[in-house]
Amino acid sequence: FLDKAMIILKKQYGEKHPKVAIAYLNIGVSFKKLGDLPKAIGYYKKALAITEVRFKLHHPYNISAYHNLGAVYFQKGDDDNAIKYLEKVLKQQLKIKPLDYVKVAIESEFLGKIYSRKKRYKKAVVYFKIAHNTNIIHYGKDNKQTQASLKQLNAAIKTQLSQQTKK
């Protein structure tokens with residue numbers, strides 16, 4: 001069914017049309033939800049093959065594909081690829097004005113978790129600080145999301161300090 005739909009879409013708009021890229025992104029999301037991560041990655045990369053040529057890096061289609069790839073690689077435990085895509089997303093998010101604090105916090109939190117998982121706590125602390133500070137700006141100090149980001153930051157700092165004292 002998907003193959004037939006994609007053939008029709010490509011015939012109507014052409015191989016490199018943004019609507020084809022959107023379809024690839026949506027199919028990738030579907031496969032991610034089904035737990036078929038390799039297929040999700042394949043569709044996200046097909047979308048990027050179109051969007052990176054058609055749009056600037058900070059275009060929402062590129063950012064969406066980078067984020068989705070980073071999230072899938074995170075889910076797979078492929079931390080190096082997750083970092084590659086999520087750092088790209090964060091870099092582009094920081095260029096967009098007005099700044100979308102929620103998205104910056106999400107990407108920073110992802111990166112903090114990955115660096116924690118890699119036991120690179122100094123870098124994890126940097127990203128958790130970004131997430132926490134952007135949450136304060138967006139939500140305020142007493143918000144549940146801000147408090148959760150503070151707990152992550154404190155845990156990373158505590159682990160970093162305990163690692164330093166062991167050396």
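The legends below walk through an overview and several close-up views of a predicted model.

Residues are numbered from 1 along each chain as its sequence is written. Because the model is predicted, local features need pLDDT of at least 70 and side-chain atom pairs count only at pLDDT 80 or more, while totals for chains, interfaces and linings use all residues, and side-chain values use heavy atoms, with hydrogens and water left out.

**Figure 1. The whole protein has eight helices and zero strands.**
Helices (H or I, at least four residues) and strands (E, at least two) are DSSP runs, numbered from the N terminus. Read from that end, the elements run α-α-α-α-α-α-α-α. Along the principal axes, the C-alpha atoms fill a box of roughly 60 × 35 × 25 Å. Of the 167 residues, 39% are buried; here buried means under 20% relative accessible area, exposed means over 50%, and partly exposed lies in between (1.4 Å probe, protein chains only). Among contacts (heavy atoms within 4.5 Å) with a separation of 6 or more, 52% join residues 24 or more positions apart.

**Figure 2. The largest nonpolar core holds 42 residues.**
Such a core is a set of buried Ala, Val, Leu, Ile, Met, Phe, Trp, Tyr and Cys residues joined through side-chain atoms within 4.5 Å. Look for Met6, Tyr24, Leu69 and Leu111, which touch the most other members. At least two residues of this core come from each of α1 (2-13), α2 (18-34), α3, α4, α5, α6, α7 and α8 (144-166). Zooming in on methionine 6, you will find contacts with Val20, Ala23, Tyr24 and Ile27, leaving aside neighbours within four places in sequence.

**Figure 3. Helix α5 is followed here from its first C-alpha to its last.**
With 15 residues, α5 reaches 20 Å, close to the 21 Å expected at 1.5 Å a residue; the expected span is 1.5 Å times one less than the number of residues. The buried residues of α5 are Asp79, Ala82, Ile83, Tyr85, Leu86, Val89, Leu90, Gln92 and Gln93. Their cover includes α3 (37-54), α4, α6 (101-117) and α7.

**Figure 4. Tyrosine 73 and tyrosine 85 form a stacked aromatic pair.**
In general, a pair of aromatic rings is described by the distance of the centres and the angle of the planes. Rings of Phe, Tyr and Trp (its six-membered ring) pair if their centres lie within 6.5 Å; planes under 30 degrees apart count as stacked, over 60 as edge-to-face and the rest as tilted. The whole structure has seven aromatic pairs. In the one shown, the tyrosine 73 and tyrosine 85 rings are 5.9 Å apart centre to centre, with 10 degrees between the planes. Tyrosine 73 lies in helix α4 (residues 60-76) and tyrosine 85 in helix α5 (residues 79-93), so the pair ties together parts that are twelve residues apart in sequence. Tyrosine 73 counts as buried at 6% relative accessibility, and tyrosine 85 counts as buried at 8%.

**Figure 5. Aspartate 79 and arginine 117 form a salt bridge.**
A salt bridge is a side-chain nitrogen of Lys or Arg within 4 Å of a carboxyl oxygen of Asp or Glu, and by this rule there are four. For aspartate 79 and arginine 117, the closest N and O atoms are 2.4 Å apart. Aspartate 79 belongs to helix α5 and arginine 117 to helix α6, so the pair ties together parts that are 38 residues apart in sequence. Aspartate 79 is buried, with a relative accessible area of 10%, whereas arginine 117 is partly exposed, at 38%. Keep arginine 117 in sight: it also lies over the face of phenylalanine 74, at 4.4 Å from the ring centre. A charge sits over a ring if NZ of Lys or CZ of Arg is within 6 Å of the ring centre and within 35 degrees of the ring normal.

**Figure 6. Lysine 113 and glutamate 109 form a salt bridge in helix α6.**
Their closest N and O atoms are 3.2 Å apart. Being four residues apart in the helix, lysine 113 and glutamate 109 are separated by about one helical turn. Lysine 113 is partly exposed, with a relative accessible area of 34%, while glutamate 109 is buried, at 17%.

**Figure 7. Tyr24, Phe31 and Tyr43 are linked into a cluster by ring pairs.**
Over the ring of tyrosine 43 sits the charged end of lysine 46, 5.0 Å from the ring centre.
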